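The following note is offered to a colleague who meets this structure for the first time. Please read the numbered points alongside the sequence and the model.

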Amino acid sequence: MPGAARAEAEGRPLEALRLYLQAGDTPRALDLARRSAPALEEGWAFDVLRQMLDSLPYAALGPDLQVKLCLCLLHVGEVVRAEALLRELRDLPEVRAETLFLLSVVASRRGDSARQLALAEDGLRAAPTDRVRTRLMRVQASALNVLGRTAEALPIAHEALALAQDTAQHGERAHLLALLNALQAFTRTPLAEREAVIQAGVRAYHRAGLAPACTRLHASLAYLYRLHGRLQDAWTELRVAQALEDQGPTPDGCLVLEAQGDLHRAGGDDRAAQTAYEAALHRAEAQGITYLQDTLAYKLAELALHAGHTAAAHTWLTQARSWQYEQPGRWTGGGAQFYEGLFAALRGDPAAATRHLRAALSDPRLGLEEQVRAQAWLLHLTPAHQPLPAEGVGALKELLTFLGSAAALHPDLSALAPLQARMPGLFPARGNPEAPTPRPGRRPAPAPAGDPAGRRRAGECGRHAAAAGTQQTCRIAGVARAARPRHPRAAGGRPGGRRHGAAPRGVREGLGAAPARGPQRGAGRGL
């Protein structure tokens, strides 16, 4: 079989495997798949690996390759099939640790951090290899962070980082550096420090040859810049993130779209914001990123209400609540409480609004943006004949001073006019965000890692939410989805422009833990 041997020698394993199979030599085809799997996995060539493994009889693969097939299936969104296979494999000692890791990834993408943590810890007790141990520690740290146990997560993340360094796991080291950004998601870490951590993650991904994984980091930095009132810088980061998506769409594309919607709204373009949010929701559904669905539905409900489309607002609000009921264990409950408080305030129910807003602020996982808005609305609800509570005034001023901007309050400025009258000088001088100027034309290509000039030019300071590497996402489409209106127009809203299609299959990206709000979203993902 000289043709197969030549294809193998020239680095065309898929063609070589097919030639072996055509010649009836299944043993050599299996041997080739087993030898090729580590390099294909390291290079995120999950589409090629999946085609190789699907070409072989499943029973002939053996547990080691069967679990690799499950990894590929998660990356392309076939979660139902992957989960069924993983359940059959989880009690086999030789693959138990890796199987539990993949199951923890499934839990993370559904926002079930408690289950994610339990599965990761079970995997660590199953005698994993160094490679799998590093991944398990990463998703363990991510879950602890999202559960509000950051002090426990940090030493685990640093231990995993040292293990990755000692065992030359370059891609995993990049994921862990990105995780460090996620571990700051629920803290008031100064922007300069966040930028430094994100830049380290971006550089590590480039060195590992995994530039597309930087998408989430750039989106994270865009979120931070927006909250600090630096909208032009935020758009620069999103253009870099979109350029990476254009090279090969990843599951983090829905976060980029959401961030675009947030920036459009900050610039006063609610129509463009609606289109971006709907595209983000469509992408999240296609990729099985279910934790994001309710947040996007709440944002669409708020936009519809501000536009006077009451029926559409009700439709989106009902949809958001339905997702909360469907998965009550999500870590995003604080954000949902904030939006419920906001809508109660807008409909004139101060008692319910106060109850929800206080519940939101009691959640340590509430994002900075929601903290600012919740504090402001609580003060706004204080009866005019009563003095504003000193504790609430102090908390809001502390947040705005930290951010140096009141950009987070931009959607509420008109409604909060009475509060501004009661608190002259409430907003810092930089409170009015600069007008964003998104340019849909040619986007700058990402600058090479370590190039300071290129970094300034392309905005490669890095970025977020789950901070990218931490949580490399897997596309878990195939999860049962609640039905939603194809468009608010069905309920009386306006047409929203062109819809974005789902990301193509074959996304070459890492899986991992679940995310955090805002740029922190994705506080721990990655395979």
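**Note on the predicted model**

1. Helix 3 passes helix 5 in a left-handed crossing, a crossing being left-handed if the near helix is turned anticlockwise from the far one by less than a right angle, and right-handed if clockwise. Helices (H or I, at least four residues) and strands (E, at least two) are DSSP runs, numbered from the N terminus. Helix 3 covers residues 26-42 and helix 5 residues 58-75; their axes lie 11 Å apart, at an angle of about 30°. Axes are lines fitted to C-alpha atoms, for helices over the stretch in contact, and angles run from 0 to 180 degrees between N-to-C directions. Helix 3 and helix 5 are therefore roughly parallel to each other (under 35 degrees counts as roughly parallel, over 145 as roughly antiparallel, 65 to 115 as roughly perpendicular and the rest as oblique).

2. In this pair, Leu-30, Ala-33, Arg-34, Ala-37 and Glu-41 of helix 3 meet Ala-60, Leu-61, Asp-64, Leu-65, Lys-68 and Leu-71 of helix 5, where contact means heavy atoms within 4.5 Å. By class, the contact of helix 3 with helix 5 has seven nonpolar, no polar and four charged residues. Ala, Val, Leu, Ile, Met, Phe, Trp, Tyr, Cys and Pro count as nonpolar, Asp, Glu, Lys and Arg as charged, and the others, Gly among them, as polar.

3. The model is predicted: local features need pLDDT of at least 70, side-chain atom pairs count only at pLDDT 80 or more, and totals for chains, interfaces and linings use all residues. Residues are numbered from 1 along each chain as its sequence is written, and side-chain values use heavy atoms, with hydrogens and water left out.

4. The protein chain has a mean pLDDT of 81, and 80% of its residues score at least 70; pLDDT is the predictor's confidence in each residue, from 0 to 100. Among the elements, helix 20 (residues 350-361) has the highest mean, 97, and helix 24 (residues 452-458) the lowest, 34. Over residues 435-526 pLDDT stays under 50. Where pLDDT is low, the predicted coordinates should not be read in detail.

5. The protein chain contains 24 helices and zero strands. Of its 527 residues, 61% count as buried (under 20% relative accessible area, with exposed over 50% and partly exposed in between; 1.4 Å probe, protein chains only).

6. A second helix pair is formed by helix 14 (residues 231-247) and helix 15 (residues 253-266), whose axes come within 10 Å and cross at roughly 155°. That angle makes helix 14 roughly antiparallel to helix 15. The crossing of helix 14 and helix 15 is left-handed. Among the residues making the contact are Leu-231, Trp-235 and Leu-238 of helix 14 and Val-256, Leu-263 and His-264 of helix 15. By class, this contact of helix 14 with helix 15 has nine nonpolar, four polar and one charged residues.

7. Leu-231, in helix 14, counts as buried, at 0% relative accessibility. Arg-216, in helix 13 (residues 215-227), also counts as buried, at 1%. Arg-216 and Ala-241 are 25 residues apart in sequence and 7.5 Å apart in space, C-alpha to C-alpha.

8. Which backbone value deserves a check at Ala-127? Phi of Ala-127 is near 55°, a positive value in a residue other than glycine. Ala-127 lies in the loop between helix 8 and helix 9 and counts as exposed, at 70% relative accessibility.
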